[in-house]
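Colleague: Please take me closely through one part of this model, the way its side chains pair up and pack. I work at the bench, so plain words with the cut-offs spelled out would help me most.

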Amino acid sequence: MRILSILLFTLFSFSTPLSAAEPSHRLASLATDILQHDGQVNQQRLAEFKQHLDSQKALLAQSQQRLAAANARQLELKQAFDQNEQHLTEIQQLLTQRSGQLGEVFGVVKQQASEAQGQLQDSLVSAQFPGRSKQLDFASAQRIPSIDEFKTLWVSLYDELNESGKIVLFERDVVEPSGQTRSTQVLRIGNFQLLDQQGHYLSWQNKLDQLLVLSRQPDGAAVNQAKAYIEGKQASLVIDPTRGQLLALLGQVPSLEQRIKQGGYVGYIILALGLIGLVMALWRMLLLSITEMKVKRQLKNSSGQLFDNNPLGRVLNKAQQSELAVDDLALRVEESILEEVPGLERGQSLIKLFAAVAPLLGLLGTVTGMIGTFQSITLFGTSDPKLMAGGISQALITTVLGLIVAIPLLFSHNLLSSRSRRVIQILQQKSTALLADRREAQQVRSKHAA
């Protein structure tokens with residue numbers, strides 16, 4: 001620092017020329033002043049360094065004192081911990097000696113209390129008496145149950161058993177499927193079923209401490225029966241012995257309308273074909289029944305009069321009006337029968353076609369649905385089995401619809417075919433009998449002529 005000041009002063013001196021009048025000792029005087037000033041600064045800095053050193057030594061001493069105190073405290077705590085551990089071991093041994101076989105009893109009591117706590121939480125009785133399970137919180141406590149807690153367990157089990165055999169009506173808030181809450185009278189049938197005044201079946205949600213009206217109720221007959229039972233008009237009632245599990249599964253089963261919607265456009269086409277086929281089958285069945293009745297009326301006609309309102313009368317009438325030989329007449333009768341066959345078998349081929357096409361359309365819908373399912377698997381993977389199951393279920397609906405349509409159409413076609421064949425058989429039988437009579441008459445006339 002001092003050398004740097006002298007150099008700076010020297011440079012400044014040489015950069016400014018000195019006049020001849022200035023004394024020559026000025027440079028030496030300035031250098032002496034700079035050296036004295038630097039010495040004072042150095043002395044001051046040295047004093048500050050010594051003072052800082054003293055403070056650091058004081059802090060070091062304090063830290064050493066705290067370290068010694070901490071070590072002493074650690075040793076003291078370790079000794080206290082060892083003493084407490086030894087004391088705890090002695091107390092546990094003393095407890096084991098005094099409890100003897102009661103230790104197993106305490107364990108069994110806690111286990112039973114824990115199981116009973118879960119049963120009380122799921123019990124429908126808790127909808128009438130909420131908070132019962134909190135009395136058995138000692139099951140999770142790290143201590144020996146008291147005599148009062150023993151009594152609490154016994155009383156809780158007794159009350160649960162007693163209330164399970166009662167039919168009780170009490171006031172309680174009920175949550176509608178829309179989310180609205182209303183206060184109503186609730187009928188509790190033991191530990192099996194909960195009903196409101198309208199006969200709606202309820203579900204107990206123990207975690208939410210709420211009574212919910214099932215979004216999907218059983219059929220209307222069961223609801224009306226429950227309402228009549230609450231009003232005292234009926235003595236029988238349909239209940240769910242699984243305490244709501246079957247009713248919950250019922251809510252997950254799609255309705256008929258939802259099933260049909262799952263089939264998509266292919267399902268609607270199948271149903272349309274089935275409806276057209278059944279209407280046609282019923283219409284043809286009606287016409288064939290009328291035709292068969294007319295044929296039977298013609299057979300029962302003892303006067304021999306032939307009517308043109310039935311196939312048999314028309315065939316026999318053409319045969320009797322003809323004067324042809326028997327062989328030629330047989331051809332004419334056969335022609336008449338063939339003219340009646342299309343009218344008797346009209347619509348059967350179309351019904352048979354619908355019965356064959358319906359399963360094929362169902363298979364088409366299944367294949368397209370499976371393609372969509374595999375596309376979703378490609379996009380989202382197989383991490384969600386519900387997604388796969390739902391897609392496969394929707395795909396199989398079209399197959400079900402196709403079979404449902406095809407089976408009655410096949411039966412209808414078989415019934416129509418058998419009825420038409422029966423009428424045709426009558427035509428063939430009576431026409432053959434007429435030809436045989438005509439041949440016998442010709443033979444008799446030939447003998448008389450001879």
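Modeller: What follows goes from a surface spot to the charged pairs and then to the packed interior.

This is a predicted model, in which local features need pLDDT of at least 70 and side-chain atom pairs count only at pLDDT 80 or more, while totals for chains, interfaces and linings use all residues. Residues are numbered from 1 along each chain as its sequence is written, and side-chain values use heavy atoms, with hydrogens and water left out.

Let's begin with the aromatic rings. Searching the whole structure turns up one aromatic pair. Its partners are W154 and Y158, which are stacked, with 5.8 Å from centre to centre and 10° between the planes. Here, rings of Phe, Tyr and Trp (its six-membered ring) pair if their centres lie within 6.5 Å, and planes under 30 degrees apart count as stacked, over 60 as edge-to-face and the rest as tilted. The two residues are about one helical turn from each other because they sit four residues apart in helix α4 (residues 147–163). Helices (H or I, at least four residues) and strands (E, at least two) are DSSP runs, numbered from the N terminus.

How open is this spot? W154 is exposed at 60% relative accessible area, and Y158 is partly exposed at 46%. Buried means under 20% relative accessible area, exposed over 50%, and partly exposed in between (1.4 Å probe, protein chains only). V155 is also in helix α4, and at 35% it is partly exposed. Together, W154, V155 and Y158 make a nonpolar surface patch of about 350 Å². Patch residues have over 30% relative accessible area and no salt bridge; like charges are joined within 9 Å, and nonpolar side chains (Val, Leu, Ile, Met, Phe, Trp, Tyr) within 5 Å. The areas come from the Shrake-Rupley method with a 1.4 Å probe, and for residues only the protein chains shown count as cover.

Now to the charged side chains. The structure holds 13 salt bridges, each being a side-chain nitrogen of Lys or Arg within 4 Å of a carboxyl oxygen of Asp or Glu. One of them joins D82 to K78, whose closest N and O atoms are 3.4 Å apart. Both residues lie in helix α2 (residues 26–99), four residues apart, or about one turn of the helix. D82 is partly exposed at 35%, whereas K78 is exposed at 52%.

Another salt bridge is formed by D209 and R172, again with 3.4 Å between the closest N and O atoms. This pair links distant parts of the chain: D209 is in the loop between β4 (202–205) and β5 (210–213), and R172 is in strand β1 (residues 167–175), 37 residues apart. D209 is partly exposed at 38%, while R172 is buried at 15%. D209 also has a positive phi of about 55° although it is not a glycine. As background, most residues other than glycine have a negative phi.

E340 and R314 meet in a salt bridge as well, at 2.9 Å from N to O. They too link distant parts of the chain, with E340 in helix α9 and R314 in helix α8, 26 residues apart. E340 is buried at 13%, and R314 is partly exposed at 28%. Elsewhere, salt bridges with shared partners join E292, K296, R419 and R422 into one network.

Finally, the interior. The largest nonpolar core has 32 residues, and I270, L312, V333, I337, L344, L409 and L416 touch the most other members. Two or more residues come from each of α7 (256–300), α8 (311–321), α9 (326–344), α10 (348–380) and α11 (385–449). The most come from α11, which gives twelve. A nonpolar core is a set of buried Ala, Val, Leu, Ile, Met, Phe, Trp, Tyr and Cys residues joined through side-chain atoms within 4.5 Å.

Leaving aside neighbours within four places in sequence, L409 is in contact with G274, G277, L278, I351, F354 and A355, where contact means heavy atoms within 4.5 Å.
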